[in-house]
Amino acid sequence: MVTWNVGTAEPPADVRSLLQLDSQPATDLFVIGLQEVNATPVQYISDLIYEDSWSHLLMDTLAPMGYIKVTSVRMQGLLLILFAKQVHLPFIRDIQSTYTRTGLFGYWGNKGGVSVRFSFYGHMLCFLNCHLAAHMNYALQRMDEFEYILDRQDFDMYNTPQVLDHKLVFWFGDLNFRIADHGMHFLRSSVNNSRFNLLWDRDQLTMMKKKEPILQEFEEGPLCFKPTYKFDRFSETYDTSGKKRKPAWTDRILWRIKPKAIETVDENSSTSSSADDDEYPIKVMQDMYTCDVSYGVSDHKPVIATFDLEMRKKVKTPLVKLTVEGHWSADEDATFTYTILENFESSTWDWIGLYKIGFRSASHYSTFAWVKDDEVAANGEVVTVQMNKNELPLLAGDYVLGYYSTNMQTLIAFSPTFLILESRLAVMEGLLPENINGHEK
């Protein structure tokens, strides 16, 4: 996980160290929350059409390593993006996102929260990226904004209609809590000598946890890294401007495992929920919690956390099976079949895309075919679909088919990887990828 207030800056040239891409074992999910992405009206409208430069860089970096953008949500300067290994996508279901404005009376959305929720192997997860009110004296307002966001964010899910109904919640972002009382000299001396523990008891979020019951349900790793605000840009030097802002841990990542329901004789639902928690527990272990001071495009430094989630999978079977028939090339129409393995809310607007290995997102297909268009396929029914040869790649390459569920808003099944053969036309004319208009082959 990453949270970073990017201060309207364009992204740096490289984000490999930000994403810890050389760490082992390889990451399964990436969740990146940004604040203050450039959101001038002209830029924001452009980003809605073409996607923003940060999303492009993250996809360009992660796609070649086998990570697919699952979803994202944007509210002006707030951006939340989820990436996953392809192997996990069939088990990431029921994706929904929402947002809540709090800044400037809620009109332009310079402050607030964006969230994404989904079922991960049957466990309900929610990620909430917030940018709360600034300045030292607004700690209570930050708390009010957090509670307002929790109250206003609703999901169209019967079992998890609000953020705190989820089994596991990650709350992160530029929460803007400051270090109270200490003078500038003591603050900087403590930081320079890495004696961060001397500042913990005056950290406003730590102080608020002692008296706010909702905060006591959230956990956070120790703040054993430099306060991430405020730096001179392109340096590791704290603010030297006339304002000389005090250093603070404004950028944070916390998590909450839903407390076990209280069992009573009269409330069967509570008993059921508690039994489910016992049978399918989820454990969260934080491996790392730090900041990367080497990035200087913003006056904030990015905060990075890695977690191990230990869970028993409730769901182990994909909803759909995709099977490629015969050899594929652009010399003849291609055939495949799909079979509904388990009941789900399928739609005649679902479609199956052809994806070259290394694809970036569900929309990054070479071509696609609609599912059975007259009625929803029955459970167990084998449906045969053809793809027109004129839509197929001319050059050889490794591909997969992916079933996109309109209702779940994600790819829920993949075929095994298969080879598309080079077409006779490509062989005869000696075509190279750059010679072929309209196909990424």
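In the predicted model, His185 and Asn192 are exposed and lie on the other side of helix α4 from the buried residues of this helix, which spans residues 184-192 and has Leu187, Ser190 and Val191 as its buried members. Because these three buried residues cover an arc of only 100 degrees around the axis, they are placed on the same side of α4. The helix is followed by Ser194, a residue whose phi is positive, near 55 degrees.

Helix α4 belongs to a protein chain that contains eight helices and 19 strands. The chain comprises 441 residues, of which 53% count as buried, and its accessible surface comes to about 20400 Å², with 50% of that area belonging to carbon and sulfur atoms. When contacts between residues at least 6 apart in sequence are considered, 68% of them join residues that are at least 24 apart.

The largest pocket of the model holds about 720 Å³ of space. Its lining consists of 29 residues, and those closest to the centre of the pocket are Thr27, Asp28, Leu29, Phe307 and Asp308. Two or more residues of the lining are given by each of the elements β2 (29-35), β10 (282-291) and β11 (303-311), and the largest share, seven residues, comes from β11. With respect to residue character, the lining of the largest pocket divides into 19 nonpolar, six polar and four charged residues.

How values were computed:
Residues are numbered from 1 along each chain as its sequence is written. This is a predicted model: local features need pLDDT of at least 70, side-chain atom pairs count only at pLDDT 80 or more; totals for chains, interfaces and linings use all residues. Side-chain values use heavy atoms; hydrogens and water are left out. On a 1 Å grid over the protein atoms alone, a cavity is a set of points where a 1.4 Å probe fits but cannot get out, and a pocket is an open set with protein on both sides within 12 Å along at least five of seven lines; lining residues have an atom within 4 Å of a point. Grid points are joined across faces, edges and corners, and a volume is the space filled by probe spheres set on the points. Helices (H or I, at least four residues) and strands (E, at least two) are DSSP runs, numbered from the N terminus. Ala, Val, Leu, Ile, Met, Phe, Trp, Tyr, Cys and Pro count as nonpolar, Asp, Glu, Lys and Arg as charged, and the others, Gly among them, as polar. Buried means under 20% relative accessible area, exposed over 50%, partly exposed in between (1.4 Å probe, protein chains only). Contact means heavy atoms within 4.5 Å. Accessible areas come from the Shrake-Rupley method with a 1.4 Å probe; for residues, only the protein chains shown count as cover. The arc is that of the directions from the helix axis to the C-beta atoms.
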